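This report looks at internal cavities, salt bridges and a surface patch in one protein chain. The sequence and the structure come first.

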Amino acid sequence: MLVFGTLAMLSLLVEAGEHLQIERLPRNHLRFLATFETAVEQTDSAVFPYQVRQLLARTIADEVDVRLTRGRWRDAWGPLPRTGSAVGGTGAEVQARFPPGSSREAWISLVNDLSSLLCASMNYIDSTRSYNTTQSDGRVAFFGALPTESVCTENLTPFLKLTPCRDQAGVGELIKGHDLAGMDWINLRLVVHRKGAEKLSLLQTIDFVVDVERQMLTQRGGLPGSQRAEDVQCAPDKFYTTDVTCLPLDQPHERRIVLTELFPDGKFLRCPMSSKSDFEVLLPSGDWVPLQDARNATITLNPELSCDANDLFVNRDLVIARSALHGHLSTTFTNASPSSRQVRYVTMLPWFMRPQLQTFAVSGNGTIESTRLIQGKQRNRPFVLDTSLTVAPGGEARLTFDFERTLLRFAEYPPDANRGFDIPAAVVRYTDRNGDIKELRTTGALLPLPTPDFSMPYNVIILTCTCIALIFGSIFNLLIRFPARHVALPGRDS
């Protein structure tokens, strides 16, 4: 009681808020959008996370944006949450804005600090996986991506420790780290703003999609993806229906669940640091449910529910040519709206994937407005392609270009070199029918490179050691061994 009373007094000195928004998706899926906001006037406030204050003390960045994403967003779920502006590509993405004249050393120091803050591998975002641009106000913006980063429990645990009530109360208490493995899609975002000398703001979002059937089955102790025999309805008109084999029937059209079934360990305690800690359940009524009363909130699931269709669909394909050093990359933009779309396409390519601009072309119902290429540098800087194009109403435009793969040195290959190299997702921005700017991320790509025979060093070592052993052994025998001479003993016949 003393701790919560102290927190209630501190809440008067800061602006903190959190809420959870629940939306229904097709096929018995639910989308959860958790938002945590903290703003302080003084940098020495005890409420603002100490780890973030240490981070800001070590960097000169004015804004830091970190995104950790795992899974693939399905088109059947409709548009991305938060207009896509809070969602990153698969893996880790880091964006930061520095004052004019900032050097790359400040960026490298920032990603190293973020790596320790969120227990991630962002320290591998070096100069070959990031680039910088100068904005109109003179500030330097850096962007880096690490598509091989896998979001797991060790990222969620330090992330929740930065929320106003950590994982002890409020919305953060409902989200458990061990439930991360059962989520179809999850996105973590951390945004830090520095406004002047003493104004700091921290924005955290946790967006995830849960398959209700699989989540409840896992909580009952079953295996993910399986169902109990008594819960399966078999088709009686099939001849192969037995006690062990059958054709499962579709689930009932509607099903009601209570939030305590999804969060059996949740306490549903209001965070005393938050001025607003509520549930927003997007049922047909669209009512707000207070957090204390949310444990009995009921949600009706409809497997046949349909979501609003996207205005723009983007698909990227990577094709490897017959040659061992050449390939082809194509990106298809499908405009599903009755009006034209202005699309900006930005992709970062590693330095060993050199695009050939003479093959750059667009086909179908689209025209290129402008193209800008940030030239890469071997083993130092990636290639960045920034293209603006217009897609006709209801049309499809395909942006294609060829690239050349570069041979790497022996020590530059990862341990799983035959798997390939991950290419970061491209960023797509466009304006929808309502005039809002939306963002999309294409899927990542896997680029195979010509790999040497890594067993050759072992074979060379074995052959060399064998030859040395034979030569040394022969010479040693010739120098050391002498022929035995026959000596006749006295008193014996020879």
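## Cavities and salt bridges

Strand E22 (residues 437-441) contributes three residues to the lining of the second largest cavity, the most of any element. The model discussed here is predicted. The volume of this second largest cavity is about 60 Å³, and its lining consists of Pro-79, Leu-80, Thr-83, Gly-84, Asn-310, Leu-312, Tyr-430, Lys-438, Glu-439 and Leu-440. Sorted by class, that lining has five nonpolar, three polar and two charged residues.

The count of cavities of 30 Å³ or more is three. The largest cavity holds about 100 Å³ of space. Among the residues that line the largest cavity are Phe-32, Leu-174, Lys-176, Asp-179, Phe-208 and Gln-215. Eight nonpolar, one polar and two charged residues make up the lining of the largest cavity.

Salt bridges come next. The count for the model is 21 salt bridges, and three of the pairs are listed here.

| Acidic residue | Basic residue | Closest N to O distance |
|---|---|---|
| Glu-23 | Arg-31 | 2.0 Å |
| Glu-93 | Arg-441 | 3.1 Å |
| Glu-412 | Arg-379 | 2.5 Å |

In the first row, Arg-31 is buried, because its relative accessible area of 9% is under 20%. Glu-23 is buried as well, at 13%.

Glu-93 and Arg-441 form a salt bridge. The pair connects distant parts of the chain, since Glu-93 is in strand E4 (residues 91-98) and Arg-441 in strand E22, 348 residues apart. Glu-93 has a relative accessible area of 4% and is therefore buried; Arg-441, at 16%, also counts as buried.

The side chains of Glu-412 and Arg-379 also meet in a salt bridge. Glu-412 sits in the loop between strand E19 (396-405) and strand E20 (421-423), and Arg-379 in the loop between strand E17 (366-374) and strand E18 (383-391), so this pair ties together parts 33 residues apart in sequence. Glu-412 is partly exposed at 30%, and Arg-379 is partly exposed at 27%. Salt bridges with shared partners join Asp-65, Arg-67, Glu-93, Arg-189, Arg-429, Glu-439 and Arg-441 into one network.

Two further residues remain. Leu-259 is in helix H6 (residues 259-262) and counts as buried, at 0% relative accessibility. Its C-alpha is 5.5 Å from that of Arg-295, although Leu-259 and Arg-295 are 36 residues apart in sequence.

Ile-475 belongs to helix H7 (residues 456-480) and is partly exposed, with 47% relative accessibility. Ile-475 is one of the residues in a nonpolar surface patch of about 870 Å², which also includes Phe-472 and Leu-479.

Terms used
Residues numbered from 1 in each chain as written. Predicted model: local features only at pLDDT ≥ 70, side-chain atom pairs only at ≥ 80, totals over all residues. Heavy atoms only, no water. Patch = residues over 30% accessible without salt bridge, like charges linked within 9 Å, V, L, I, M, F, W, Y side chains within 5 Å. Areas by Shrake-Rupley, 256 points an atom, 1.4 Å probe, with all protein chains shown as cover. Salt bridge = Lys/Arg side-chain N within 4 Å of Asp/Glu carboxyl O. Helix = DSSP H or I, 4+ residues; strand = E, 2+ residues; numbered from the N terminus. Buried < 20%, exposed > 50% of the residue type's maximum accessible area, 1.4 Å probe, protein only. 1 Å grid on protein atoms, 1.4 Å probe; cavity = no way out; pocket = protein on both sides within 12 Å on 5 of 7 lines; lining within 4 Å. Points joined across faces, edges and corners; volume = space filled by probe spheres on them. Nonpolar A, V, L, I, M, F, W, Y, C, P; charged D, E, K, R; others polar.
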